[in-house]
Amino acid sequence: ERIPVICIDGPTASGKGTVAAQVAQQLGYHFLDSGAMYRTAALAAMRAGIAIEAQHEPRLAELARHLPVRFEGGRIWLAGDDITDAIRTEEAGMNASRVSALPAVRQALVALQLGFRRLPGLVADGRDMGTVIFPAAPLKVFLTASAAVRAERRHKQLISKGISATISDLRADLEARDARDASRSASPLKAAEDALLLDNSLLTIDEAVAQVVAWWQARQ
Ligand code: C5P
């Protein structure tokens, strides 16, 4: 197939989501926020009263396979509820990390992710886009930033939404989440061998977006 995919993977709060969405917008491509899928699966599990534990893996996978999720105009709907904001909390991120460590749940969401690959192209954001879901993608970027910078940015974001949090708690949370994501056996967080590394610590969003777009244009 000739539908191009740009993968942007990296650790928690590295700015992937924002960068990927803006690259997609500039190129007129579709955008896949795979983290939002895991966050939605975790929320659906909570709502169904299923604890996110390995012993419930088959039920959690079944739920993920039939996840009544819709991505529309930048909003995310779960069975008719707008959950766009509800899945953005720290707790939702941690629950997503726990549910995403279960291989059967990951497997259940593959088809949904592949379905985002449509003309004229796709920008996919996550942890395993370049390593597992779109291994033949012509451009893979691994976007990182120091833990200090990531915690600070997350802190600013939360404060601007009127949510209080300390930088040290946020840093501890994101380091715990990255450690779990990197150490799991199913599709761990890691750079694909052919990924280009982009350290976002000292870049603005615009600079990071421009770099990815420049890499993409250089490959055309
Ligand atoms: O990117 P985001 O913070 O929204 O992702 C939430 C969690 O979902 C991550 O911590 C990770 O455990 C999981 N995830 C994943 N694979 C992806 C995207 C996200 O395991 N492709």
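Which residues does Val105 touch, not counting residues up to four places away in sequence? In this predicted model, the partners are Leu60, Ala61, Ala64 and Val99.

## The nonpolar cores

Val105 belongs to the largest nonpolar core, which has 35 residues. Together with Leu32, Leu109 and Phe134, Val105 touches the most other members. Many elements feed this core. Those that give two or more residues are the strands S1 (5–9), S4 (75–78) and S6 (122–126), along with the helices H2 (34–47), H3 (57–65), H4 (90–100), H5 (103–114) and H6 (129–133). The most comes from H2, with eight residues.

There is also a second core, separate from this one. It holds 17 residues, among them Ile6, Val19, Ala20 and Ala208. Three of these names come back below. Val19 and Ala20 are buried residues of H1, and Ala208 is a buried residue of H9.

## Two helices with a buried face

Take helix H1 (16–27) and helix H9 (205–218). The table sets out their lengths and spans.

| Helix | Residues | Span between end C-alpha atoms | Expected span at 1.5 Å a residue |
|---|---|---|---|
| H1 | 12 residues | 16 Å | 16 Å |
| H9 | 14 residues | 20 Å | 20 Å |

For H1, the end-to-end distance agrees with the expected one. For H9, the reach is close to what is expected.

Now look at which side chains are hidden. In H1, the buried residues are Lys16, Val19, Ala20, Val23 and Ala24. Why do they line one face of the helix? Seen down the axis of H1, they fall within an arc of 130 degrees, so they share one face. A general rule helps here. An α-helix has 3.6 residues a turn, so residues three or four places apart point the same way.

The buried residues of H1 pack against S1, strand S2 (30–33), S6, S7 and H9. On the other side of H1, Gln25 and Gln26 are exposed. Just after this helix comes Gly28, with a positive phi of about 70 degrees.

H9 can be read in the same order. Its buried residues are Ala208, Val209, Val212, Val213 and Trp216. Viewed down the axis of H9, they lie within an arc of 130 degrees, so they line one face. They pack against S1, H1, strand S7 (139–144) and strand S8 (196–199). The face turned away from the buried side carries exposed residues: Asp206, Gln217 and Ala218.

## A three-stranded sheet

An open sheet of three strands has the order S3-S4-S5, and the pairing is antiparallel. Which strands sit at the edges? They are strand S3 (69–72) and strand S5 (81–82), each pairing on one side only.

S4 and S5 are joined by two bridges. Leu78 stands opposite Asp81, a residue of S5. Helix H2 lies across S3, S4 and S5, and runs at about 30 degrees to S4. H2 is also the element that gives the most to the largest core.

## Backbone exceptions

Most residues other than glycine have a negative phi, and most peptide bonds are trans. Some places here break with that pattern.

First, the bond from Leu119 to Pro120 is cis, with omega near 5 degrees. Pro120 lies in the loop between H5 and S6.

Next, Ala13 has a positive phi, near 60 degrees. This residue lies in the loop between S1 and H1. Is Ala13 buried or exposed? Its relative accessible area is 17%, so Ala13 is buried, given that buried means under 20%.

Ala79 has a positive phi too, near 45 degrees. Its place is the loop between S4 and S5. Ala79 has 58% relative accessibility, so it counts as exposed; the cut-off for exposed is over 50%.

## A buried arginine

Ala13 also appears among the contacts of Arg150. Arg150 lies in helix H7 (147–160). Its relative accessible area is 6%, so Arg150 is buried. What does Arg150 contact, leaving aside its neighbours within four places in sequence? The partners are Pro11, Thr12, Ala13, Ser14, Ala145, Leu174 and Asp178.

Terms used: Residues are numbered from 1 along each chain as its sequence is written. This is a predicted model: local features need pLDDT of at least 70, side-chain atom pairs count only at pLDDT 80 or more; totals for chains, interfaces and linings use all residues. Side-chain values use heavy atoms; hydrogens and water are left out. A nonpolar core is a set of buried Ala, Val, Leu, Ile, Met, Phe, Trp, Tyr and Cys residues joined through side-chain atoms within 4.5 Å. Buried means under 20% relative accessible area, exposed over 50%, partly exposed in between (1.4 Å probe, protein chains only). Helices (H or I, at least four residues) and strands (E, at least two) are DSSP runs, numbered from the N terminus. Contact means heavy atoms within 4.5 Å. Two strands pair if DSSP finds at least two bridges between them. Axes are lines fitted to C-alpha atoms, for helices over the stretch in contact, and angles run from 0 to 180 degrees between N-to-C directions. The expected span of a helix is 1.5 Å times one less than its number of residues. The arc is that of the directions from the helix axis to the C-beta atoms.
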